[in-house]
Amino acid sequence: MTKLNDYDKAVETYEPVLGLETHIELDTNTKMFCGCSTAFGAEPNTQTCPVCLALPGALPVANRAAIEATIKIGLALNCHIAEWTRFARKNYFYPDMPKNFQTSQYEEPLCENGYVDVVVDGKEYRVEIERVHLEEDTGKTLHVGGATGRIHGATESLVDYNRAGIPLVEIVTKPVPGTGALAPEVAKAYTAELRDIVRSLGVSDVRMEQGSLRCDVNLSLNLPGEEWGTRTETKNVNSLRSVERAVRYEVRRQSALLDAGERIFQETRHFQETTGETRAGRSKEEATDYRYFPEPDLAVMEPSREWVEELRATLPELPRKRRERLQAEWSLGDKEMQSVVNADAVDLIQATVDAGTTPSGAVKWWLGELSRRANESGEELAALAITPKQVAELQGMVDDGRLNDKLARQVIDGVLAGEGDPADVAAKRGLEVVSDTGALEAAVEEAIAANPAVADKIRGGTHAAAGVLIGAVMKATKGQADAGTVRQIILDKLS
């Protein structure tokens, strides 16, 4: 069994150094070097041709839309755009790569030396970008016949080459020291910011659950003042929450090994979603192991400065500027807005406001009850089975006096259970506020009769005592009475 240190103890002793490599599938109509469709979900091996299957004599042609998208990403990440760049062959064998090499970029990336700023716990961290380069994705291997979906224990492996050749952008950070105990949160915040930037550009849907954004998490530990330690690389982490968990786990695992006087091996590791653990994969290759050499079948690229500036002029409002604008529109303080960002709720709240509710109403539900539900279930907030439109409808029912917050939480139970929209759930479960004054007056009369001493206090001018009678009425109506209406009825009867 893997020995783990307590996280807080580990970061008191060791300094984490982060590195993140993010792969983003571009949302082009065709693949990087051929005309095959990139549509997701097609039958296996139906979107292939001689080029992406590497049949003899087939020659590649670079996809201009993919090059433009990569330049836009580089500009949004404050990168320098190369004036001269080319593709290279990255040689290694794997069954899902029909060429036995990947067409990528090596010494001359398209974009380099950028940065992204993120705020965590009130402090700004700058994550420097080493390079943004363009390459092609591999196919997909499916291991079947076993219990885990991995090759160990499987009876056979199947390969789908539909994904082979899809344009893929790799964004590599420089090492990120100085994050201390907040290393997991900084890694998560950077990945979220990167996802939001790329999404705002409209060049990828960056859906981690579908693999169009995949993150490799590098981590090493060192004692203060000493050289950086040996890093591990946790491959293909596919959610923001998992990025955070992978960093946290590796800090605990590596620190325990170092405390025991053992070595950290440079290796790739695989993240286990169910347990939050990382497991050893293979030893990590160096660049020399790939035997890079220039791709002889593709021409050198020389993006003109005019072309680059034309693309810069098309950039939309980027996420940071958008958040600043929304914070002012929503009248939120810095801490409250940071809570919205930390919960990955900006888009959800904006969509809820667009659906017809107030910012305060949207923030209340997404940062309150719904965030609690997501934390309990271990899901991303956006993965909950409730839409911004449904949240807006729920708040509208509260605003109209048809629900109080207690009843609204019960309605959320029904929506999450798939029982329909809020109005449908409230009707089916009989959850709407009782507004029949006749019924409320009868309930008040019963409460007064059952609590004569309290009634006498109210008659004597102690109106605060009405809370006891209100509580009795709420109990009698199973929380469905409007407390303000009940209070007024009580005071009218006893004043």
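This tour moves through a predicted model in a series of selections, from whole domains to single residues.

**The domains**

Begin by colouring the protein by its three domains: domain 1 (7–311), domain 2 (319–429) and domain 3 (437–493). Then place a marker at the C-alpha centre of domain 1 and another at that of domain 2; the two centres lie 33 Å apart.

**Where domain 1 meets domain 2**

Select next the residues through which these two domains are in contact: domain 1 contributes 13 residues and domain 2 contributes nine residues. How much area do domain 1 and domain 2 bury between them? The figure is about 910 Å², with 35% of it on carbon and sulfur atoms. Now show V119, E193 and R241, which supply 40% of the area that domain 1 buries against domain 2, more than any other three residues.

The interface of domain 1 and domain 2 also holds four salt bridges. For a salt bridge to inspect, display the side chains of R195 and D344, which meet at 2.5 Å, N to O. Eight residue pairs are in polar contact across the interface of domain 1 and domain 2. On the side of domain 1 that touches domain 2, the elements giving two or more residues are β5 (111–120), α3 and α4 (240–259). The largest share of that side, seven residues, comes from α3.

**The nonpolar cores**

Turn now to the largest nonpolar core, which has 68 residues. Select I73, L77, V132 and I171, the members that touch the most other members. Helix α3 (residues 183–201) gives the most to this core, with nine residues.

Centre the view on L77. Which residues does L77 touch, beyond those up to four places away in sequence? They are G114, Y115, V116, V132, I171, L194 and I197. Apart from the core that contains L77 lies another core, of 31 residues; W330, A374, L384 and I412 are among them.

**A buried threonine in a loop**

Finally, select T85, in the loop between β2 (80–81) and β3 (88–91). Is T85 buried or exposed? Its relative accessible area is 0%, so T85 is buried. Add Q105, E108, P109, L110, V300 and M301, with which T85 is in contact, leaving aside its neighbours within four places in sequence. The side chain of T85 makes a polar contact with the side chain of Q105, at 2.9 Å. T85 and E108 are 23 residues apart in sequence, yet their C-alpha atoms are 5.0 Å apart in space.

Methods
Residues numbered from 1 in each chain as written. Predicted model: local features only at pLDDT ≥ 70, side-chain atom pairs only at ≥ 80, totals over all residues. Heavy atoms only, no water. Core = buried A, V, L, I, M, F, W, Y, C linked by side-chain atoms within 4.5 Å. Buried < 20%, exposed > 50% of the residue type's maximum accessible area, 1.4 Å probe, protein only. Helix = DSSP H or I, 4+ residues; strand = E, 2+ residues; numbered from the N terminus. Contact = heavy atoms within 4.5 Å. Polar contact = N/O pair within 3.5 Å; in protein donor to acceptor, adjacent residues only side chain to side chain. Domains from an automatic or database assignment. Buried area = accessible area lost by both parts, 1.4 Å probe.
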